[in-house]
Amino acid sequence: MTQNHPVEPAGNPTLYERLGGIFGIAAIMDVLTDRLFDNAWANRNPYVAKMHERNGRPGFKFMVTAWSAEVTGGPSCYPGRDMHDSHKDMVCTEHDFDVVALEIAATLSFCGVGVQEQKEYLAIIESFRREVIDAPANERAREAGRVPVG
Ligand code: HEM
C-alpha cells in the first residue's frame with residue numbers, strides 16, 4: 001500500500017525508527033485517537049460519529065498505529081483496508097480532512113515529535129487526501145450546507 005507514497009533514502013534511519021518505532025507511534029496514536037473521537041467538528045459528520053460509536057477507540061488505535069508503522073518504513077503489519085475503501089462510505093469532505101490533519105499536526109507537536117519528523121509524517125498524510133475524500137460526496141455535502149463557509 002505504500003508504493004505510491006514517500007519512501008526513505010537508503011542508509012538513513014527510517015521515519016518509523018525516528019518516531020520511536022512501534023512504542024513511539026502507539027503513544028502518539030493513543031493521544032490522537034482520543035482527540036479525534038472527542039473532536040466536535042469530526043463528529044458533526046454523522047457517518048464518522050456512527051463509526052466511532054460502533055467500532056470504539058481500542059480497535060481504531062490499533063489500526064492507525066499499524067498503518068502508521070507501515071507507511072513510515074516499519075514492518076508490514078497493517079491488516080485494514082486501503083484508505084479509499086475504508087473511507088468511501090464516510091462522505092468525507094475537504095473540511096473533514098482538514099480537521100483530521102489539524103488534529104494530527106497538533107498531536108505530533110503535543111507529543112514532542114521533532115520538527116523534521118512532523119513535516120515528513122504530515123506530508124504522508126497529505127499524500128492520501130484524494131484517496132480519503134469522496135469528491136461527489138464532498139459536492140453533495142457542500143450543497144446540503146454541511147460544509148463551513150470560508
Ligand atoms: C490521511 C488521513 C487519514 C488516515 C491516514 C486515516 C486512517 C484510517 C485508518 C487506518 C482506518 C482504519 C481502516 C479500517 O478499519 O480498515 C480509518 C478508519 C476511519 N477513519 Fe480515517 N484516516 C484518515 C482520514 C480520515 C478523515 C478525514 C476522517 C473523517 C473525519 C476519518 C474518519 C475515519 C473513521 C470514522 C474511521 C472508522 C473508525 C472506526 O472504526 O471507528 N479518517 N482511518
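Which helices are included in what covers the buried residues of α2? To find out, open this predicted model and follow the stops below.

**The whole chain**

Begin with the protein coloured by secondary structure, where you should find 10 helices and 0 strands, so that a reading along the sequence gives α-α-α-α-α-α-α-α-α-α. If you then colour by burial, 24% of the 150 residues in the protein come out as buried. Among contacts between residues at least 6 apart in sequence, 78% join residues at least 24 apart.

**Helix α2**

Select α2, which runs over residues 21-37, and look along its length. Its 17 residues should span 24 Å at 1.5 Å a residue, and the C-alpha atoms at its ends are indeed 24 Å apart, which agrees. Now show the side chains of I25, I28, M29, L32, T33 and L36, the buried residues of this helix. Turn the view until you look down the axis of α2, and you will see that these buried residues fall within an arc of 140°, so they line one face of the helix. A general point helps here: an α-helix has 3.6 residues a turn, so residues three or four places apart point the same way. The opening question can now be answered, since what covers the buried residues of α2 includes α3, α5 and α7.

**The nonpolar core**

Next, select L19, I25, I28, M29, L32, W67 and L108, which have the most contacts inside the largest nonpolar core, a set of 20 residues. The elements that give two or more residues to this core are α1 (15-18), α2, α5 and α7. Stay for a moment on L19, and leave out residues up to four places away in sequence: L19 then touches G24, I25, T72, V113 and E117.

**Helix α7**

Move on to α7, residues 94-110, and show its buried residues, which are D96, V99, V100, E103, I104, T107 and L108. They cover an arc of only 165° around the axis, which puts them on the same side of α7. What covers these buried residues includes α2, α3 (40-44) and α8 (115-127).

In the same helix, select A106. Why does A106 count as partly exposed? Between 12 and 20 neighbours is the middle range, and A106 has 13 C-beta neighbours inside 10 Å, so it belongs there. From A106, draw a distance to Q116, which is 10 residues away in sequence and 15 Å away in space, C-alpha to C-alpha. Just after α7, pause at G112, whose phi is positive, at about 80°.

**Around the ligand**

Finally, centre the view on the ligand and show the 23 residues around it, of which M51, N55, G80, S86 and F128 come nearest. This shell divides into 15 nonpolar, 6 polar and 2 charged residues, and α4 (46-55), α5 (57-71), α6 (83-87) and α7 each supply at least two of its residues.

Of these, pick out S86, which has its place in helix α6. S86 is partly exposed, with 15 other C-beta atoms within 10 Å, and, not counting residues up to four places away in sequence, it touches G80 and R81. As a last step, draw a distance from S86 to A49, whose C-alpha atoms are separated by 15 Å although the two residues are 37 residues apart along the chain.

How values were computed
Residues numbered from 1 in each chain as written. Predicted model: local features only at pLDDT ≥ 70, side-chain atom pairs only at ≥ 80, totals over all residues. Near = placed C-beta within 6 Å. Helix = DSSP H or I, 4+ residues; strand = E, 2+ residues; numbered from the N terminus. Nonpolar A, V, L, I, M, F, W, Y, C, P; charged D, E, K, R; others polar. Contact = placed C-beta atoms within 7 Å. Core = buried A, V, L, I, M, F, W, Y, C linked by C-beta atoms within 7 Å. Arc of directions from axis to C-beta. Expected span 1.5 Å × (residues − 1).
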